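Reader: Could you walk me through the inside of this protein, from its cores to its hollows? I'd love to follow along at the bench.

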Amino acid sequence: MDGGDKMDKMDKLKKINKDMFENDEVSLQNYQKHLEKGIFTIIECECGFKTTLPLPTCPNCGKSLKESGHWAMMDKPAKIVSYCVTYVGPPELSDLTPYASLILDFGDGLRISALLDEDFKKKAPPDDLIGKDVRVKIIKRLYGNILGAHLI
Amino acid sequence: MTKIEIDRIAPPLKRKVYVLGAEQTKFSVSKRPKNTLRDLASEAVSEVYKQSGAKAEDVDLLIVSNAVGFIVRGQGHMNALIANSLGLDSIPSVRVETACASGSVGFRLGVNAIEAGWADNVLIVGTEVMSGMDRNTTQKVISGGGDSLLESPVGATFPGLYATYAMAIFEEQKVGVKEGQQLLSYIALKNHKNASYNPKAQFNVKIEDIAKQKGIDDVWEFLNNPKTNPPIAWPLRLFDCSPISDGGAAVLLSAKDSAETFEGVKNAIELKVTAQATGYLPMGNAPKLTSLKAADIAATSAYKRIGLDINDPLKRISVAEVHDCFTSAEVLAIGDLHFFKRNETLFAAKRGDTDMGGKIPVNTSGGLKAKGHPIGVTGLSQIVTLRHQLLGEMPKEVQVKDIDLALQHNVGGTGGTAVVNIFSLPEVD
């Protein structure tokens, strides 16, 4: 891919983002707003650094992410890096307990914690989830949407 | 690592620093707090004054380490509160919070003040009251050491995060979950056994004896029964987890020339190196889940600073107190400290390598697992144990003989902060 193609792709991505997220500024409020809309977004900096954290500045190049960052929808699959099944959880998740907590890797150093969308009330914890592919799924909760994932 | 990195993480000590006194209260927990933050601090400090011969008027700086007092007791401004209760109300004071590493970071700031020449004698006091919380508050308080935006909302509790480390370790060392759980249980058995000799431990009882009290003679039957050892965050079970604790500890640091003016100098120990590094928060951002970067680079920097062989630090290190908030944390620690090869760390406790008489006795106090884990106090309590070890004051069953160097390893949260300190008896000039 030459430089021109790369720019075209970036421009198209920016246009899509602009349409989808109305040019939202990089902020925690907007990250949460996207989650409430059922969309998991990440931030890409002009320097190529990607992060799930709506930080004020890019930890890689130091530029303001409000100026050099843009939102991108993350809908590609991720791999389970590790996990556990929590039997003593917070009251906010009591209806889901026991639940599996995952650490997911999307590549490019991008990792998140998420909840596996599966019921473990009547089955033993699975011992073979590491390395399996999942897709992010937004789980609706009374106190706000959270990041979940389902096996693919 | 570059020289600049080592200088930042484990700076050279230009003034010799002695631990002139170090003591802790008994760790415990109850439905209603039996002691106040002040009581615990005062009890520990009065023992340190007795050991050292120092008095309140000798202290140049007070550092208070406390992690959860603001949330649990509604008590902020802890430096002034504790300074007043100790009769230290005119000198500078500060409170330090770096989650479970608060005590060690407080200690390190004390070293910093001595090195800078701003103080000759620094009192570091850890005090923590965690009793009386309901389970939900407890979880919130402990989760405060993690990422409240990215981890807590998706149910990542602290046992859960260390269980996630455990699963990654099992995968790396190619053991199944059942075998992995059994290997972790050997750590719990060892640390409870050590704590059974420690009168200040919260659980000074062997797991074998707890099982017998429940009418079960076979400890493995007890540990493998989900009714007596229920899953908390699978694969971690109840006996893999450190308890909620109240406790206090105090350490009096002195520059060598100042220490020599006190009677207690004959029972002082010397700090050889102090190293601190920062890791990942949230923990999921770490590229590896089988090692804590901060602990590894703190250990590596400390070893390089004092000329230890990073491939064989056990040539010189004779005893260690490491951060075992969960059994999986001890596995991480002995790998990050380069005590064992990574593919051997899970097996060390079963082989007896970390037991008394093994290659390196680890957590002779019982560790956080059985001694208890009052969060802001833990780092100082580890130093208390190592001082007793170096001075030959431990109960005979857990006294390590002919100690050269004694190592302390303390972690904040899931590895966001790590401190490694190494001590010896003072060198004779």
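**Cavities, pocket and core**

Author: Happy to, and please keep in mind that this is a predicted model. By class, the largest cavity is lined by five nonpolar, four polar and one charged residues.

Reader: Which residue is the charged one in the lining of the largest cavity?

Author: The lining brings together Y31(A), T52(A), R111(A), I112(A), S113(A) and L147(A) with L150(B), P282(B), G284(B) and N285(B). Asp, Glu, Lys and Arg count as charged, and the lining has one residue of that class. In this list it is R111(A).

Reader: Which element gives the largest share of the lining of the largest cavity?

Author: The cavity itself has a volume of about 70 Å³. Three of its lining residues come from one element, a strand of chain A covering residues 111-116. That element is strand β6 of chain A.

Reader: What is the volume of the second largest cavity?

Author: Its lining includes Y165(B), Y280(B), K293(B) and T414(B). By class, that lining divides into six nonpolar, four polar and one charged. The volume comes to about 50 Å³.

Reader: Now the largest pocket: which helix gives the most to its lining?

Author: The largest pocket holds about 1,100 Å³ of space. Among its 48 lining residues, T138(B), I142(B), S242(B), P243(B) and I244(B) are the closest to the centre. Helices α6 (135-143) and α7 of chain B each supply at least two lining residues. The most, six residues, come from α6(B).

Reader: Which helix gives the most to the largest nonpolar core?

Author: That core has 105 residues, and L104(A), Y162(B) and F339(B) touch the most other members. Ten of the core residues come from one helix of chain B, spanning residues 158-172. This is helix α7 of chain B.

Reader: Which residues does Y162(B) contact beyond its neighbours within four places in sequence?

Author: One group of partners is C325(B), F326(B), S328(B), A329(B) and L332(B). Another partner is L236(B). The list is completed by V411(B), G413(B), T414(B) and G415(B).

Reader: Last one: is S185(B) buried or exposed?

Author: S185(B) is found in helix α8 (residues 177-195) of chain B. Leaving aside neighbours within four places in sequence, it is in contact with W220(B), L223(B), R237(B) and D240(B), and its side chain makes a polar contact with the side chain of R237(B) at 3.4 Å. Its relative accessible area is 3%, and because buried means under 20%, S185(B) is buried.

Note on methods
Residues are numbered from 1 along each chain as its sequence is written. Chains are lettered from A and ligands numbered from 1 in the order in which they are written. This is a predicted model: local features need pLDDT of at least 70, side-chain atom pairs count only at pLDDT 80 or more; totals for chains, interfaces and linings use all residues. Side-chain values use heavy atoms; hydrogens and water are left out. A nonpolar core is a set of buried Ala, Val, Leu, Ile, Met, Phe, Trp, Tyr and Cys residues joined through side-chain atoms within 4.5 Å. Buried means under 20% relative accessible area, exposed over 50%, partly exposed in between (1.4 Å probe, protein chains only). Helices (H or I, at least four residues) and strands (E, at least two) are DSSP runs, numbered from the N terminus. Contact means heavy atoms within 4.5 Å. A polar contact is a pair of N or O atoms within 3.5 Å; within protein, one must be able to donate a hydrogen and the other to accept it, and residues adjacent in sequence count only if both atoms are side-chain atoms. On a 1 Å grid over the protein atoms alone, a cavity is a set of points where a 1.4 Å probe fits but cannot get out, and a pocket is an open set with protein on both sides within 12 Å along at least five of seven lines; lining residues have an atom within 4 Å of a point. Grid points are joined across faces, edges and corners, and a volume is the space filled by probe spheres set on the points.
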